[in-house]
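Trainee: I should like to take a close look at a single part of this structure. May I put a request to you once it is in view?

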Amino acid sequence: MHATELLQTLTLSQKVAQLFMVGFDGLVPNSHIEEMLRAHQIGGIILFRRNVETPSQLAALNLRLQEINAEQSNVPLLIGTDQEGGMVMRIEHGVTPLPSAMAFKSAGSETDCEALTKVGNAELKSLGININFAPVLDINNNPQNPVIGVRAYGETVSEVSQFGLAALRGMQSAGMAATGKHFPGHGDTAVDSHHSMPVVAHDRARLDAVELAPFRAAFGAGLDALMTAHVAFPAIEPDLAKPATISHATLTGLLRNELAYQGVVITDCLEMDAIGKGVGTVAGAVFSIQAGADIVLISHTPAKQAAALAEVLQAVKAGDISVARIDESVLRILALKQRYQMSAWANLAPSLLASEALQLSARVHQAAITGHAQPLDKNKPVFLISAEVRTHTEIDEVALGKTPEARNSLAQPLSELGYRVDEQWIALQPDAAEVDTVLSQAAHAGQIIFVSYNAQLFKEQQALIEALPQDKLWLIAGRLPYDLDLAPKAAGRLSCCSNRPAALYALAQKLAVNI
């Protein structure tokens with residue numbers, strides 16, 4: 001049945017439900033998500049690390065979600081996740097490791113970017129995911145950006161367009177619906193929209209030349225979907241209380257009318273503080289649809305999901321949102337589901353970890369390492385200082401578990417290469433006690449490795465790096481490569497744009513030989 005015909009078979013409540021994508025807790029469907037599927041017939045589900053244990057478990061989960069949905073609806077579910085690579089990998093163990101976007105740029109091969117992205121997304125599809133919230137099309141032109149950084153393919157329009165489109169080709173050739181983000185651009189911000197609302201104050205000419213350019217290129221290449229930014233752009237929307245996600249001037253005036261984009265528009269999560277502590281998640285759902293969004297994303301709280309769904313339905317019945325506006329969005333969503341044959345969910349055949357894919361991944365991770373370092377001396381113990389995230393966000397994952405491998409530690413690969421390693425973990429903003437402990441041990445160490453994490457943004461990390469003996473310090477930029485500027489006289493300075501295991505194993509190999 002064609003999308004236009006299928007649309008006519010849906011009731012108003014079923015149409016509105018297609019505009020919602022929600023998250024839930026658990027490795028199997030819980031009562032909350034079952035109710036959202038059975039009673040409300042929502043159109044999509046977003047998965048996070050909390051939903052993933054193993055690839056086989058994930059495939060079983062996705063199959064069961066589609067089965068429950070099929071009992072009530074003949075429209076398949078969108079099942080999406082953020083599988084960007086590097087720092088943002090919701091599914092990490094048991095699949096081919098993908099580098100961060102900036103690591104692809106550092107490695108320098110668009111061909112490898114397309115090929116490895118295709119591999120990762122083909123694996124994702126084989127596990128029952130049918131839409132990936134990638135590629136990131138933001139330009140990381142602000143070194144102080146706390147949320148984009150290595151998630152971007154580079155610092156220029158050219159880099160982001162070239163590598164972003166290579167990733168897009170890889171995703172689509174794997175049969176995966178791709179989602180460019182975060183429109184109109186989250187790169188030149190110094191505020192994380194998870195916590196407050198950033199403002200990009202550039203004039204329209206600058207936005208046209210820089211921020212919007214990679215998105216235009218992706219539109220021309222057939223980008224399937226777009227994720228909005230909870231960022232205010234006064235040159236587009238004068239009301240600073242209206243970030244792009246809820247701005248009619250942005251999503252309809254600019255995106256639909258001026259740029260003529262016809263793909264699916266998905267909001268970033270409406271529980272993020274830029275919306276949740278602004279207009280509010282529930283009201284934000286109504287405002288975003290009025291602005292021109294097609295899918296409302298509410299990732300966490302069941303009560304907010306149910307309330308937002310009811311509020312949008314009531315807004316349609318009250319005439320605050322027209323049925324025609326709802327039909328426009330539903331038609332785009334149904335067309336996307338048909339284009340990628342999402343009804344064919346019953347024949348999952350997980351296909352993972354092909355040897356040639358792992359070889360390609362290892363080669364790209366190696367090529368992505370930049371900088372210079374003397375080789376480590378195997379006859380001397382290594383004092384390893386590792387900065388770790390201890391406060392959860394959807395971007396900065398909390399280190400899970402207590403083993404070095406579970407905490408994304410360089411100690412594991414170095415030990416496997418025969419080095420004796422003594423590791424000290426510190427917070428991103430180490431307190432005086434942590435600093436004293438580190439400096440006391442460093443005073444007697446023969447060689448020191450500091451794996452930073454966005455030290456450029458934390459004065460406490462900066463001060464500690466400066467206080468360490470530079471002649472026996474190897475500084476590793478575990479996320480932002482700009483951290484290397486903090487220790488120009490260190491014995492070694494290397495960036496791998498990630499603190500994930502694949503990057504750390506590649507890094508250990510580099511440290512064991514002269515570069």
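Trainee: Which residues of helix α13 are buried? Please examine this helix closely, together with its surroundings.

Mentor: The model is a predicted one, and what follows should be read accordingly. Helix α13 covers residues 302-317. Its 16 residues should span 22 Å at 1.5 Å a residue, and because the end C-alpha atoms lie 23 Å apart, the expected and computed spans agree. Within this helix, the buried residues are Gln305, Ala308, Leu309, Val312, Leu313, Ala315 and Val316. These residues cover an arc of only 160° around the axis, so they are on the same side of α13. The general principle is that an α-helix has 3.6 residues a turn, so residues three or four places apart point the same way. On the other side of α13, Ala303 and Lys317 are exposed.

The surroundings of the buried side come next. The buried residues of α13 pack against the helices α2 (12-18), α3 (31-38), α12 (281-291) and α14 (323-339), and also against the strands β1 (20-22) and β10 (296-298). After α13 comes Gly319, which has a positive phi, near 85°.

Of these partners, α14 merits its own description. Helix α14 has 17 residues, and from its first C-alpha to its last it reaches 24 Å, close to the 24 Å expected at 1.5 Å a residue. Its buried residues are Arg325, Ile326, Ser329, Val330, Arg332, Ile333, Leu334, Leu336 and Lys337. Gln341 follows α14 and has a positive phi, near 50°.

For another example of helix packing, one may turn to α6 and α7. Two packed helices are described by the angle between their axes and the distance between the axes. Helix α6 (residues 110-126) packs with helix α7 (residues 157-173) at an angle of about 35°, the axes being 7 Å apart. The crossing of α6 and α7 is right-handed. On α6, the contact is made by Glu110, Cys113, Glu114, Thr117, Lys118 and Asn121; on α7, the residues involved are Gln162, Phe163, Ala166, Ala167, Arg169, Gly170, Met171 and Ser173. By character, the residues of this contact between α6 and α7 comprise five nonpolar, five polar and four charged.

To return to the part requested, α13 has its buried residues on the same side, with Ala303 and Lys317 exposed on the other.

Notes
Residues numbered from 1 in each chain as written. Predicted model: local features only at pLDDT ≥ 70, side-chain atom pairs only at ≥ 80, totals over all residues. Heavy atoms only, no water. Axes fitted to C-alpha atoms, helices over the stretch in contact; angles between N-to-C directions. Helix = DSSP H or I, 4+ residues; strand = E, 2+ residues; numbered from the N terminus. Left-handed = near helix turned anticlockwise from the far one by under 90°. Contact = heavy atoms within 4.5 Å. Nonpolar A, V, L, I, M, F, W, Y, C, P; charged D, E, K, R; others polar. Expected span 1.5 Å × (residues − 1). Buried < 20%, exposed > 50% of the residue type's maximum accessible area, 1.4 Å probe, protein only. Arc of directions from axis to C-beta.
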